[in-house]
Amino acid sequence: MYQSRIFAPTLKEAPAEAQIPSHILMMRAGLIRQLAAGIFSQLPLGYRSLKKVQSIIREEMDAIGGQEFHLPALNPIDIWEQTGRVEAMGDVMFHIKNREGLVLAPTHEEIMTYHAKQHIKSYRDMPQIWYQIQTKFRNEPRPKSGVLRGRQFTMKDAYSLDNSSEGLDKSYLLHEQAYRNIYTRCGLKFFVVGASSGAMGGSASQEFMVESPHGEDTCAIDEHSGYAANIEVAVSAVEPIKRLDAASPLEEFATPKSKTIDELVEHFGLDVNRCAKSVVYFADSTPYLILMRGNDQLNEAKFQAHVGAIQCRPAEPEELFALTGAHAGSIGPIGMKSDITIIADNLLKDANGLVSGANKDGYHYKNIDITRDCTISGYADFRTVLDGEPCIHGGHPLRIVNAIEVGHIFKLGTKYSKALNAVFLDEHGKEQPIIMGSYGIGLERIIACAIEQHHDDKGICWPIAIAPYTVHLIGLGLHKSQDVVNACISIHDALEQSGIDVLFDDRDVSPGIKFNDADLIGLPIQLIVGEKGLLQGQLEMKNRKTQERIHIAIQSEQLVQQTVDAILEQLQAMSS
Ligand code: ATP
Ligand code: MG
C-alpha cells in the first residue's frame, strides 16, 4: 500500500481527553477518531489491526470446533425480561425509543439460548460451540480511556452447549486454551485470575488480565504459588481475631468526640482490630448490617454475591438513622431500632472483647461478645484483601496490581436455559436444561492493551501479528531520484507478492517527517531506501521496538530478492 493513498492522519498532539498511552497513540497514529463519548470510528490503519485480531480469534475458535454466527444487535426485550437481565443491566442497556420492545444487545446469552431452545432437542445434539464477532452496545456510565471502555465495541462472544457438567468442563477448558493462544499470538503479556460471576450467574469464571496502571480492575497475585484473583473474590490468609480469656460484661460508654474508628482508637487506646465497624447496605430493597474489623473495607462484590442481589448500595444517612436510631459513627449490632439482618466477616467469627456503636449518638459498647450479645445470621468473607497480606497458598505476600480485563470465561450452568426453558432429552428420555458456558473477548481492548504494553516515547511498537502492516518502506528523496522510486516500487511489489504487507511512504515530505511518522505508527520493521545507500550497495533496516539498525548489503541486480530475504530473515528472528 502506498501511504499517499491511505487515510492515516497523524497528529503531533493528542486531544486533551486522551490521557493514557493507548488512547493518545491511537489518536496520534491515526488509528481511530472519536465520534462522541465512548464512540469511536476505526480509520483504515486501526481497522486493519482489528481485522488481524479478528482472523487470529477466528482461527483459534474454529480450531476448537466453534461455529461462527452473526446475531442481530437489535433484540426483542421480552427475551431479556425472561432472564431478569433488563433489571440487572439497568441503565447499561440501550432501549429503543421509537420502537417499543427493542433493545440494543450488550451481550448475547439470551439470544443464543433462544436459538438453542428452538433446535437442540436431544443429548445427541451436543456439544456445540457457537460464536460470533459482533458489535455490542453498553451505556457505560463513565466511558473513558479511549476504546478500552466504549459504549459501542466489538466482542467475540462464544457460547457452549453441553448435556453434562463434564461436557461443560471440557468446553470451558477448550476456551481457556484458545484464549491463551489468542492473547499470546496478539503479543500480550497476560495472566488469568479467578473472578466473580456477577450479574451473569453461574458457578465458575476466570478473567484474562493485562497488568497496567491504567486498568480499572484490581487483582491480587502471588507469583510464587501462582495464585491470582480479581479483588472481587481474592482471599488471603489473615488470621481471625482470637478470643480473649476474660469474659467481661457488656458496657456502654460515652464517645462524644469519636466518630471514626481512628478517633476511637486514639481516644481510648483500643486495638483497632477489635473496633468492629458496622456497614449498612441495601441489597435490592433489603437492608443488611455487615460487621467487620474496624480497618477493613467492605468488598461490595463479595457482599452482592453472598446475598444474591441484583443491585447493592450503601444506606443514605437518613436511612441509617431511621433503621438504627443513630448516625454514622455510632452504629452497631446491638439494639438497633429495626430488625435488620446482621452478617459478619469471617475474621470476627466468635470474637469477643469488641467495641462497636451503641445505636445512640455519641455512645459505644465495649466487651461485646459476638456469640453472647449479637444475633449474627451468617459469616462470610466480606473484606477487601490488601497488598502484602499472606497468600493462602504458602503465605508469600500478595501483590495488588491494576489490570485491564481483556477476556472473561464463565461456566454459566443452567441459569439461562432454565429461564428460557431450553431443554433436551437425556439418554433416559428425561428433560434436562442445557448446560451452558459463555466466553467473551473485547477486540478493541486487545489492541489498546497491546499498545499499552508495546510503546515508547516516540510511538507504538506493534507486535508483528496485529500490526496494521508489517514493513514500513521509507523512500527518501523520491522526487530527486528515479532510481530510488524504481527500487522502492520493486521492493514494495516483491514484498506483497511474498505475502508481507508493506506500507510504502511515497509521500513528498521531508525525511524527518517520514521517520517521525514511522516511529509513531510503529510498524515492526522499517526499511529505509535512499539514493546514497543504493549507490553504496546498502539498505538500512530498523527494528522499531529495539531500535536496532541492520545494514543489508545488496548487489543492484539482486536488490529485490536480497531485500525480501533479509526481511523474511528478520521477521523470523523477531518472532522466535
Ligand atoms: P468491565 O468489567 O470492564 O465492564 P465486563 O466484565 O462487563 O467488563 P464482559 O461482559 O465480561 O465485560 O465482556 C467480555 C469482554 O468484552 C471483556 O472482557 C472486555 O474485554 C470486553 N468489554 C466489555 N465491556 C467493554 C467496553 N465497554 N468497551 C470495550 N470492551 C469491553
Ligand atoms: Mg467481565
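**Arg149, Ser160 and the wider fold of a predicted model**

Arg149 sits in a loop, the one that runs between β7 (128–137) and β8 (152–162). The model is a predicted one, and this loop residue makes a handy place to start. Is Arg149 buried or exposed? With a relative accessibility of 17%, Arg149 counts as buried, because the cut-off for that label is under 20%. Two glutamates meet its side chain: Glu140 makes a side-chain polar contact with Arg149 at 3.0 Å, and Glu216 makes another with Arg149 at 3.1 Å. Once neighbours within four places in sequence are set aside, the contact list of Arg149 reads Gly38, Glu140, Arg142, Pro143, Lys144, Glu216 and Arg445. So both glutamates turn up again there, because the list of contacts for Arg149 includes Glu140 and Glu216.

Moving on to β8, this strand holds Ser160. Here the burial is plain, as Ser160 has a relative accessible area of 0%. Its side chain joins that of Tyr439 in a polar contact of 2.7 Å. Ile129 is 31 residues away from Ser160 in sequence, yet the two C-alpha atoms are 4.5 Å apart in space. Leaving out residues up to four places away in sequence, Ser160 touches Gln128, Ile129, Leu168, Ser171, His175, Ile435, Met436, Gly437 and Tyr439.

Next comes the metal. Which residues coordinate the magnesium ion (ligand 2)? Glu405 does so through OE and His408 through ND1, at 2.2 to 2.4 Å. Of these two, His408 is buried, its relative accessible area being 11%.

As for the overall layout, the domain assignment splits the protein chain into domain 1 (46–68 + 105–235 + 399–452), domain 2 (251–380) and domain 3 (469–575). Between the C-alpha centres of domain 1 and domain 2 the separation is 37 Å. The C-alpha atoms of the chain fill a box of roughly 100 × 65 × 50 Å along the principal axes. Counting secondary structure gives 16 helices and 31 strands in the protein chain. Buried residues make up 53% of the 576 in the chain. About 25,700 Å² of the protein chain is exposed, and 51% of that comes from carbon and sulfur atoms. Sequence-distant contacts are well represented too: of those between residues at least 6 apart in sequence, 69% join residues at least 24 apart.

Helix α8 covers residues 300–307, and Ala301, Lys302 and Phe303 are buried in it. What do the buried residues of α8 pack against? Four strands take that role, namely β14 (276–283), β15 (286–293), β16 (312–314) and β17 (341–345). At the N-terminal end, α8 is capped by Asn299, which places a side-chain oxygen 3.2 Å from the backbone nitrogen of Ala301. Just past the helix, Gly308 adopts a positive phi of about 70°.

Helix α14 (residues 511–521) has its own set of buried residues: Lys514, Asp517, Ala518, Asp519, Leu520 and Ile521. An α-helix has 3.6 residues a turn, so residues three or four places apart point the same way. A glycine follows this helix as well, with Gly522 taking a positive phi of about 75° just after α14.

The strands offer some contrasts. β27 (residues 471–475) is mostly covered, with 5 of its 5 residues buried. Both faces are covered: Val471, Leu473 and Gly475 are buried on one side, and His472 and Ile474 on the other. How does β27 pair with β28 (residues 502–505), in the parallel or the antiparallel sense? The pairing is parallel, over 4 bridges. Within it, His472 has Leu503 of β28 as its bridge partner.

Elsewhere, an open sheet of 3 strands runs in the order β4-β6-β5, with antiparallel pairing. Its edges are β4 (74–76) and β5 (94–95), each of which pairs on one side only. β5 and β6 (residues 102–104) are joined by 2 bridges in the antiparallel sense, and His95 stands opposite Val103 in β6.

How values were computed. Residues numbered from 1 in each chain as written. Chains lettered and ligands numbered in written order. Predicted model: local features only at pLDDT ≥ 70, side-chain atom pairs only at ≥ 80, totals over all residues. Heavy atoms only, no water. Domains from an automatic or database assignment. Donors = N, O, S within 2.8 Å, 3.2 Å for Na, K, Ca; no water. Buried < 20%, exposed > 50% of the residue type's maximum accessible area, 1.4 Å probe, protein only. Contact = heavy atoms within 4.5 Å. Polar contact = N/O pair within 3.5 Å; in protein donor to acceptor, adjacent residues only side chain to side chain. Pairing = 2+ DSSP bridges. Areas by Shrake-Rupley, 256 points an atom, 1.4 Å probe, with all protein chains shown as cover.
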